[in-house]
Amino acid sequence: MNRITREHYPASRLPEDLRAGVDPSSTVTVTIVEEEKRPGKVMTLEEIFALRRPPFRTAEEIDDDLRKQRDEGDD
């Protein structure tokens, strides 16, 4: 995020909509902060859930993983 700060900036040089209520002969501090850009499309929860892997494994997958781990330990 970008931030620009100018101290002792002449109020008379401010854009008209920012000068309202400010004495034009005074100096001001101006801080500009760039806002974050929003993504073009926000995903719905349904779309997020559709992209993830199921949180469960079948008994066969678990057994296969256990066998692989046991075989690696025997080496």
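**View 1. Arg67 and its partner Asp64 in helix H3 of the predicted model.** Arg67 is partly exposed in this predicted model, because its relative accessible area of 46% falls between the limits of 20% and 50% that separate buried from exposed residues. Its side chain forms a salt bridge with that of Asp64, and the closest N and O atoms of the pair are 3.0 Å apart. Both Asp64 and Arg67 belong to helix H3, which spans residues 59–74, and they are separated by three residues, about one turn of the helix. Asp64 is likewise partly exposed, with a relative accessible area of 38%.

**View 2. The salt bridge between Arg57 and Asp65.** Arg57 and Asp65 are joined in a salt bridge whose closest N and O atoms lie 2.2 Å apart. Arg57 has a relative accessible area of 40% and is therefore partly exposed, while Asp65, with a relative accessible area of 27%, is partly exposed as well. The structure holds three salt bridges, among them this pair.

**View 3. The salt bridge between Lys41 and Glu47.** The side chains of Lys41 and Glu47 meet in a salt bridge, with a distance of 3.0 Å from N to O. Lys41 counts as exposed, because its relative accessibility is 56%, whereas Glu47, at 31% relative accessibility, counts as partly exposed.

**View 4. A nonpolar surface patch that includes Phe49.** Met43, Leu45, Ile48, Phe49 and Leu51 form a nonpolar patch on the surface, and together these residues have about 530 Å² of accessible area. Phe49 is found in helix H2 and counts as partly exposed, since its relative accessibility is 49%, just short of the limit of 50% above which a residue would be called exposed. Helix H2, residues 45–51, has the lowest mean pLDDT among the elements of the chain, at 88.

**View 5. The backbone of His8 in strand S1.** His8 lies in strand S1, which covers residues 3–10, and its phi angle is near 60 degrees, a positive value in a residue other than glycine. With a relative accessible area of 63%, His8 is exposed.

**View 6. Confidence along the predicted chain.** The mean pLDDT of the chain is 89, and 97% of its residues reach 70 or more. Among the elements of the chain, strand S2, residues 27–33, has the highest mean pLDDT, at 95. Where pLDDT is low, the predicted coordinates should not be read in detail.

Definitions and conventions:
Residues numbered from 1 in each chain as written. Predicted model: local features only at pLDDT ≥ 70, side-chain atom pairs only at ≥ 80, totals over all residues. Heavy atoms only, no water. pLDDT = per-residue confidence, 0-100. Helix = DSSP H or I, 4+ residues; strand = E, 2+ residues; numbered from the N terminus. Patch = residues over 30% accessible without salt bridge, like charges linked within 9 Å, V, L, I, M, F, W, Y side chains within 5 Å. Areas by Shrake-Rupley, 256 points an atom, 1.4 Å probe, with all protein chains shown as cover. Salt bridge = Lys/Arg side-chain N within 4 Å of Asp/Glu carboxyl O. Buried < 20%, exposed > 50% of the residue type's maximum accessible area, 1.4 Å probe, protein only.
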